[in-house]
Amino acid sequence: MIDAWEWATGIVDWAVGDWSHPGEPDRGILARLVEHMRLSYVSILIGLVIALPLGVACVRWSPVYPPVLTGVNVLYAVPSIALFFLMLPYTGFSDWTAIIPLALYTLVILLPNVVDGLRQVPEHVRQAAVAMGFGPMRRLVFVELPVAVPVIIAGLRVASVATISMVSVASLVGLGGLGQLIVSEGFRRRFDDPIVVGIVLTVVLALVTDALLVIAQRLLTPWAHAGKGLLARKRAARAEATAVAGDAAVTSGTVSDHRESP
Amino acid sequence: MNVLTLLVEWFSDPAQWTGSAGIPVRLGEHVYYSLLGLLLSTVIAVPVGLFTGHTGVGGFLTTSLANFARALPTIGVLFLIVLLAGIGLVPVVCALVALAVPPILVNTHEGVRGVDPRLKDAAVGMGMRGREVLFKLEVPVATPLILLGMRTAAVQVVATATIAAYVGVGGLGRYIVDGQARQDLPMLLGGSVLVVGLAVVTTLLFAGMRRLLVAPGLRAEAAATR
């Protein structure tokens with residue numbers, strides 16, 4: 001018991017001592033954390049920027065979707081270490097070596113969610129938009145995408161947790177943010193404090209990002225919980241129910257596959 | 001020389017196919033680690049998921065814990081256990097189990113919990129008890145979702161078992177790690193192709209299992225609505 005306590009305080013002491021080094025902006029835990037955030041957030045954003053138009057295209061020309069999905073799934077099976085190594089000759093030790101593979105991996109989660117989100121827009125909503133004189137582009141941007149936001153954000157939540165935990169693997173090619181604590185400071189020096197700090201901060205970063213995405217969803221879908229009247233409360237209850245269903249998709253990241261069948 | 005001819009050359013070299021560092025041995029090791037990790041995860045995750053899904057007890061706790069576990073960096077878990085327990089099979093399998101438990105657990109829980117209440121009422125009305133409802137109704141209905149969770153886990157495990165090579169154990173990761181260390185591109189590519197091939201075979205196996213294990217009635221229903 002006392003051993004465990006000493007072990008834990010030792011780790012905290014190490015973390016506080018090595019948090020940042022004044023005058024050396026590239027050393028210390030803080031620098032690694034910032035690098036981790038940069039690598040993961042840029043990858044997720046690029047993944048989203050690819051997944052949105054690709055998803056729209058897959059909904060419009062539905063025969064394209066199965067082969068694209070298969071391609072994305074096969075890509076996902078390529079071990080991340082191998083992709084990082086293969087990127088090295090082209091991008092060297094720049095951030096892109098980590099970002100390009102990570103962005104491609106996010107597609108396996110984001111693309112099905114964008115497609116499912118757009119497909120579940122109720123037909124009467126679409127027809128109402130047409131009746132109001134919305135052209136295809138305006139209908140997509142102002143009606144269909146906003147209605148699909150909860151499903152897309154559910155995908156983003158899964159993708160961001162997966163990406164944040166996977167960034168660490170990039171440390172094997174000399175990148176990887178908090179993974180560097182794990183690999184170069186911890187494992188190669190036979191020192192467990194940095195490994196524990198790396199794991200804990202990665203998990204905390206993932207949970208904080210997840211919470212931010214939940215807040216973003218609330219802000220982007222104000223209609224799901226607006227107002228105070230009886231009607232609004234009923235609507236809120238219903239939104240709650242869909243939110244629970246959304247959580248189900250979030251926690252597994254695979255339920256979205258399932259959603260097609262019922 | 002282009003990549004494809006390099007690969008063909010690497011695969012057609014007879015030296016690749018024999019000895020303790022040959023493809024069959026490495027493939028066997030890789031399959032062994034993956035299977036061990038997946039089986040252990042299933043043995044842990046499925047009963048817990050069945051219990052929480054059926055009773056509703058601790059459902060929120062388990063799904064939150066599973067979500068938390070998905071954020072764990074696999075190499076962190078692997079390296080920490082190597083430092084604490086030493087090199088060997090234990091750290092590799094532990095890291096793979098940490099990776100595979102969350103998707104199986106969550107899908108089992110959601111699959112059982114999501115069974116139509118009307119079906120459960122019907123089962124109770126036919127005189128089934130709690131355990132019978134679970135094994136005769138809920139498990140069969142949840143099987144597609146449980147298999148999907150296992151498939152997701154299996155593909156991740158196969159792709160991630162490559163890092164076993166980093167802690168000095170075998171598997172197809174050896175080709176990737178050694179190929180990088182020796183600047184041997186064909187070896188690195190060959191190892192990656194083998195891992196991808198294994199993942200594709202895994203996916204196909206699960207498609208086959210789905211055909212075998214999912215009740216015909218459910219299959220027909222899924223096909224009708226698809």
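Axes are lines fitted to C-alpha atoms, for helices over the stretch in contact, and angles run from 0 to 180 degrees between N-to-C directions. The model shown in these views is predicted.

**View 1. Helices H6 and H7 of chain B pack against each other.** H6(B) spans residues 117-125, and H7(B) spans residues 130-160. Their axes lie 10 Å apart, at an angle of about 155°. Angles over 145 degrees count as roughly antiparallel. H6(B) and H7(B) are therefore roughly antiparallel to each other. Their crossing is right-handed. H6(B) brings B:Leu119, B:Lys120, B:Ala123 and B:Val124 to the contact. H7(B) brings B:Val133, B:Leu137 and B:Val141. Six residues of this contact are nonpolar, one is charged and none is polar.

**View 2. H7(B) also packs with H5(B).** The two axes come within 8 Å and cross at roughly 160°. H5(B) and H7(B) are therefore roughly antiparallel to each other. H5(B) passes H7(B) in a right-handed crossing. On the H5(B) side, the contact residues include B:Leu96, B:Leu99, B:Ala100, B:Pro103 and B:Ile104. On the H7(B) side, they include B:Ala142, B:Leu145, B:Ile146, B:Leu148 and B:Gly149. Among the residues of this contact, 14 are nonpolar, seven are polar and two are charged.

**View 3. In chain A, helix H7 packs with helix H9.** H7(A) covers residues 136-167, and H9(A) covers residues 192-220. The angle between them is about 165°, and their axes are 9 Å apart. That angle makes H7(A) roughly antiparallel to H9(A). H7(A) passes H9(A) in a right-handed crossing. From H7(A), the contact takes residues including A:Val149, A:Pro150, A:Ile153 and A:Leu156. From H9(A), A:Thr202, A:Leu205, A:Ala206 and A:Thr209 are among them. Eleven residues of the contact are nonpolar, five are polar and two are charged.

**View 4. Chain B meets chain A.** Each chain gives residues to the contact: 37 from chain B and 37 from chain A. Several helices of chain B supply at least two residues each to its side, including H3 (59-70), H4 (74-85), H5 (89-113) and H7. H8 (173-181), H9 (185-213) and H10 (216-225) of chain B do so too. H9(B) gives the largest share of that side, seven residues. By class, the side of chain B that touches chain A has 23 nonpolar, eleven polar and three charged residues.

**View 5. The largest nonpolar core holds 124 residues.** Residues of both chains are among those that touch the most other members, including A:Leu110 from chain A and B:Leu78, B:Val92 and B:Leu96 from chain B. B:Ala100, B:Val157 and B:Val158 also belong to this group. H7(B) supplies the largest share of the core, 15 residues.

**View 6. A:Leu110 and its contacts in chain A.** Leaving out residues up to four places away in sequence, A:Leu110 touches A:Gly47, A:Leu48 and A:Ala51. A:Leu110 also touches A:Gly155, A:Leu156 and A:Ala159. A:Leu156 appears in View 3 as well, in the contact of H7(A) with H9(A).

**View 7. Chain A is built with eleven helices and zero strands.** Along the sequence, chain A reads α-α-α-α-α-α-α-α-α-α-α. Chain A has 262 residues, and 43% of them count as buried. Among contacts in chain A with a separation of 6 or more, 68% join residues 24 or more positions apart.

Conventions: Residues numbered from 1 in each chain as written. Chains lettered and ligands numbered in written order. Predicted model: local features only at pLDDT ≥ 70, side-chain atom pairs only at ≥ 80, totals over all residues. Helix = DSSP H or I, 4+ residues; strand = E, 2+ residues; numbered from the N terminus. Parallel < 35°, antiparallel > 145°, perpendicular 65-115°, else oblique. Left-handed = near helix turned anticlockwise from the far one by under 90°. Contact = placed C-beta atoms within 7 Å. Nonpolar A, V, L, I, M, F, W, Y, C, P; charged D, E, K, R; others polar. Core = buried A, V, L, I, M, F, W, Y, C linked by C-beta atoms within 7 Å. Buried ≥ 20, exposed ≤ 12 C-beta atoms within 10 Å, placed from the backbone.
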